[in-house]
Amino acid sequence: MTTYSLYIMLGCGLVTWLPRVIPFVLIRKLQWPNAVIRFLSYVPLCILTALLVQNLFVKKEGHFPDFNVEYCLATIPTTIVAFVTKNLMCIVVAGMCSMALIRYFMI
């Protein structure tokens with residue numbers, strides 16, 4: 001690896017990192033109205049819902065979307081674990097284990 005490649009990788013990392021960190025540094029000291037804080041509290045839920053729905057369907061050109069059967073089946077136990085535990089680590093582990101079992105037995 002040349003030093004040029006190393007500088008390119010460090011520069012790309014810096015350009016990726018700075019836009020994510022600067023807003024947190026600048027906004028940390030500000031006091032936001034309760035309405036804004038309440039509104040922003042829904043953003044993670046909206047993002048996760050968009051990611052989930054995007055993966056549950058398989059889009060085909062010129063056809064209606066089909067269900068991704070593996071993801072739909074893995075969603076059921078993961079959702080149950082989410083309602084019961086309300087613990088993010090348990091939810092992630094349940095989802096990973098569900099997908100692993102489904103892929104193992106469906107092949």
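A residue counts as buried when its relative accessible area is under 20%, as exposed when that area is over 50%, and as partly exposed in between. In this predicted model, C72 comes out at 22%, so it is partly exposed. C12 sits in the partly exposed class too, with a relative accessible area of 46%. As for pairing, a search of the whole structure turns up zero disulfides. C72 has no such partner: the nearest cysteine sulfur belongs to C97 and is 19 Å away. For a disulfide, the two sulfur atoms would have to be within 2.5 Å.

Confidence in the prediction comes next. The mean pLDDT of the protein is 89, and 99% of its residues reach 70 or more. Broken down by element, helix α4 (residues 69-85) has the highest mean, at 93, while helix α3 (residues 43-56) has the lowest, at 85.

Then there are the helices themselves. Helix α1 runs over residues 3-27, and at 1.5 Å a residue its 25 residues should span 36 Å; the end C-alpha atoms are indeed 36 Å apart, so expectation and model agree. Even so, α1 has a kink of about 35° at L18, shortly before the proline P19. The same check on helix α5 (residues 88-106) also works out: 19 residues should span 27 Å, and the end C-alpha atoms are 27 Å apart.

Helix α5 has two faces worth telling apart. Its buried residues are A94, G95, S98, M99 and I102. These cover an arc of only 130° around the axis, so they lie on the same side of α5. The general reason is simple enough: an α-helix has 3.6 residues a turn, so residues three or four places apart point the same way. On the other side of α5, the exposed residues are M89, M96 and Y104.

Y104 also shows up in the aromatic contacts. Two aromatic pairs are found in the whole structure. In one of them, the ring centres of Y104 and F105 are 5.0 Å apart and the planes meet at 80°, so the pair is edge-to-face. Both Y104 and F105 are exposed.

Finally, a word on the loop between α4 and α5, which is where K86 is found. K86 is not a glycine, yet it has a positive phi of about 55°. Its relative accessible area is 67%, so K86 is exposed.

Terms used:
Residues are numbered from 1 along each chain as its sequence is written. This is a predicted model: local features need pLDDT of at least 70, side-chain atom pairs count only at pLDDT 80 or more; totals for chains, interfaces and linings use all residues. Side-chain values use heavy atoms; hydrogens and water are left out. Buried means under 20% relative accessible area, exposed over 50%, partly exposed in between (1.4 Å probe, protein chains only). Rings of Phe, Tyr and Trp (its six-membered ring) pair if their centres lie within 6.5 Å; planes under 30 degrees apart count as stacked, over 60 as edge-to-face and the rest as tilted. Helices (H or I, at least four residues) and strands (E, at least two) are DSSP runs, numbered from the N terminus. The expected span of a helix is 1.5 Å times one less than its number of residues. The bend at a residue is the angle between axes fitted to the seven residues ending there and the seven starting there. pLDDT is the predictor's confidence in each residue, from 0 to 100. The arc is that of the directions from the helix axis to the C-beta atoms.
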